Every structure is written in structure tokens, then in C-alpha cells.
Amino acid sequence: MHHLSRSVSKRTLSSVLACYRNGFSSFSMASRQPYRSSILPQIVDKSPRDAIPSDFLKWRSLGSVRTSKFASGFTPLKQKPLDSIIDLERAKHKSAEELAEIWDDYHLGRGHIAASMKASLYKLLEQRASSCRYFVIPLWKGSGYTTMFVQVQAPHMLITGLEDYKARGTQAMPYFTVTYYTKFTESKDLVLIRGDIVFTSKLTDSEATWLLETAQSFYLNDVRYKLVERFNKETREFEFKDVLQTLEMPIL
């Protein structure tokens, strides 16, 4: 199992606290309203309690978002070897489009989320995440939304519930993990993406897919990325309602 990073900055945790103070983090119930998310740039995907624990306050002094270490005593995430998933020799002779399709077909029905993106987009994601590792995204469930906490530490992305992160801190377990495979960045301008739902009781396949696409869009779209920067670097200016408005979700 993978624990979330311990290197949480004062600004980031203050921002999370601000979300709670503003009343956006708890599961909110209201009549469901339609919304959409413009995923720009779009990835290639062809596959069909209110008191804050004292420990939560202590995390603010545990380090900078620019450090690369995970929680103490935790072994950093290790990729499942790509050659254990696909035949690399055969893959060399496939075009980027063919390989992306094979990747998607292989994972279909296996309990994983498969996608791919251009190498240039991944490099942009990696670059932006190096200084802005954290973000919060509302996930619509039933007649309301719950807030998800996102951590990007290339070549991985971890997503968990903000409530769990608030309660368990560095011991919080991700609901969903994403791995980016960069083997074919030079030869095919392609990065393969594999998502694993850790807790199927927390997320459906469609919800995990939406979270992946939406999280990426906040890092890859210039306008949306300003909110990520504000969350990480200008905490006092961050308003969770701006995220809701961007995703065309109702402010409950």
C-alpha cells in the first residue's frame, strides 16, 4: 500500500484548512445539477467531525512541497515493470497510435484505468508538479460532492479523500494511484498511463477516469493551472469556489 507524502508545506495545509473553514470539504447534499469539464489538452484515451485533529495541525511543519521524500519509513512508489505488462520487443515495431490502442485494450476489464498522452504534455505536467504538487478536486457523488486531495510526484499521482487525509495525515492511504511510463517518450512521443483503484468501495472506474482527466487538466491547461499555483503558492488568495465554478459545479 502507498502512503501519501509527508512533505506537506505550511501553505498547502493552510489551504486545506481553509477549505474546511469555508465549508467545502464535507460531503454536501443538494439536488444534482449537470456540469461538464473541458479537458484541455485532452489525453489520448480510447478505452470504453468537524474538529481538526491536533496531528493535522502539526503536518504544517513537516517540510516543503519541493522535497522528493515520502513519509518517513515509507518505501517510495515503485513502478510495475513495463515489460511485465506488455512485450517491449513487439511494442518497438508499433506506431504510437497502435501501441496506445493495444495498451487500452489490454487493461480493459482488468480493474485498471488505461490512457496515454504526448510526451510534451507529460513533460509539462512533470515540470509544473515539481513546484505545485498538491491540489483539491470536488468529485460529484449522487446528489452532492466530496473533496479529493491530489498529490503529483512524477512519475506518480496519488488521490485520496480529503477527509481521510485530514484524519490520518501521512498514514492516509490513496484511493487511486496513477503511474506514467516514459519508455517511449523519445521513440514514439508517447507516455503510457496506468491507474489502479486501491479501494473499489470508494471509487468506481468512471469516477477514477474522471479524476485522472480532471487532475491532468488542471496541470496542463494554462488557465486552470493558475488555480493550482494559487493553492500551492498564494494560499490566502485561494478560493475553493473557483474550482467549483471552473468545473461548472454548484456552490452548495
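## Threonine 182 and its surroundings

Let's start with threonine 182, which sits in the loop between β5 (176-181) and α7 (185-188). This is a predicted model, so every position here comes from a prediction. Is threonine 182 buried or exposed? Neither, quite: its relative accessible area is 35%, and because buried means under 20% and exposed means over 50%, threonine 182 counts as partly exposed.

Who are its neighbours? Leaving aside residues up to four places away in sequence, threonine 182 touches Tyr122 and Val191. Leucine 192 is worth finding too: it is 10 residues from threonine 182 in sequence, and the two C-alpha atoms are 6.9 Å apart in space.

## The sheet

Now zoom out to the strands. General background helps here: strands of a sheet pair through backbone hydrogen bonds, and the pairing is either parallel or antiparallel. In this model, 6 strands make an open sheet with antiparallel pairing, and the order is β1-β6-β5-β4-β3-β2. β1 and β2 (134-141) stand at the edges with a single partner strand each, so one side of each has no neighbour in the sheet. From one strand to the next, the twist averages 25°.

Look at β6 (residues 190-197) and you can follow its pairing on both sides. With β1, β6 pairs in the antiparallel sense over 7 bridges, and one pair to look for is alanine 115 with its bridge partner in β6, isoleucine 193. With β5, β6 again pairs in the antiparallel sense, this time over 6 bridges. Here tyrosine 181 stands opposite leucine 192 of β6.

How covered is strand β1? Mostly: of the 7 residues in β1 (112-118), 5 are buried.

## Helices against the sheet

Next, the helices that meet these strands. Helix α5 (residues 119-129) lies across β1, β3 (144-153), β5 and β6. Its direction runs at about 100° to β1.

Helix α9 also packs on the sheet, where it touches β2 and β3. The direction of α9 makes about 120° with that of β2.

## Where α8 meets α9

Helix α9 (residues 222-233) has a helix partner as well. Two packed helices are described by the angle between their axes and the distance between the axes. For α8 (residues 205-220) and α9, the angle is about 90° and the axes are 5 Å apart. The two helices are therefore roughly perpendicular to each other.

Which residues make the contact? From α8 come Ser217, Phe218, Tyr219 and Leu220, while α9 brings Asp222, Arg224, Tyr225, Leu227 and Val228. Sorted by class, the contact has 6 nonpolar, 1 polar and 2 charged residues.

## The end of the chain

Head past α10 (240-246) and you reach the segment that holds leucine 252. Leucine 252 is partly exposed, with a relative accessible area of 36%.

Which residue can you compare it with in space? Try tyrosine 145: it is 107 residues from leucine 252 along the chain, yet their C-alpha atoms are separated by 9.1 Å.

## The whole chain

Finally, the big picture. The chain has 10 helices and 6 strands. Of its 252 residues, 52% count as buried. The accessible surface comes to about 12,100 Å², and 48% of that belongs to carbon and sulfur atoms.

Definitions and conventions: Residues numbered from 1 in each chain as written. Predicted model: local features only at pLDDT ≥ 70, side-chain atom pairs only at ≥ 80, totals over all residues. Heavy atoms only, no water. Axes fitted to C-alpha atoms, helices over the stretch in contact; angles between N-to-C directions. Helix = DSSP H or I, 4+ residues; strand = E, 2+ residues; numbered from the N terminus. Parallel < 35°, antiparallel > 145°, perpendicular 65-115°, else oblique. Contact = heavy atoms within 4.5 Å. Nonpolar A, V, L, I, M, F, W, Y, C, P; charged D, E, K, R; others polar. Buried < 20%, exposed > 50% of the residue type's maximum accessible area, 1.4 Å probe, protein only. Areas by Shrake-Rupley, 256 points an atom, 1.4 Å probe, with all protein chains shown as cover. Pairing = 2+ DSSP bridges.
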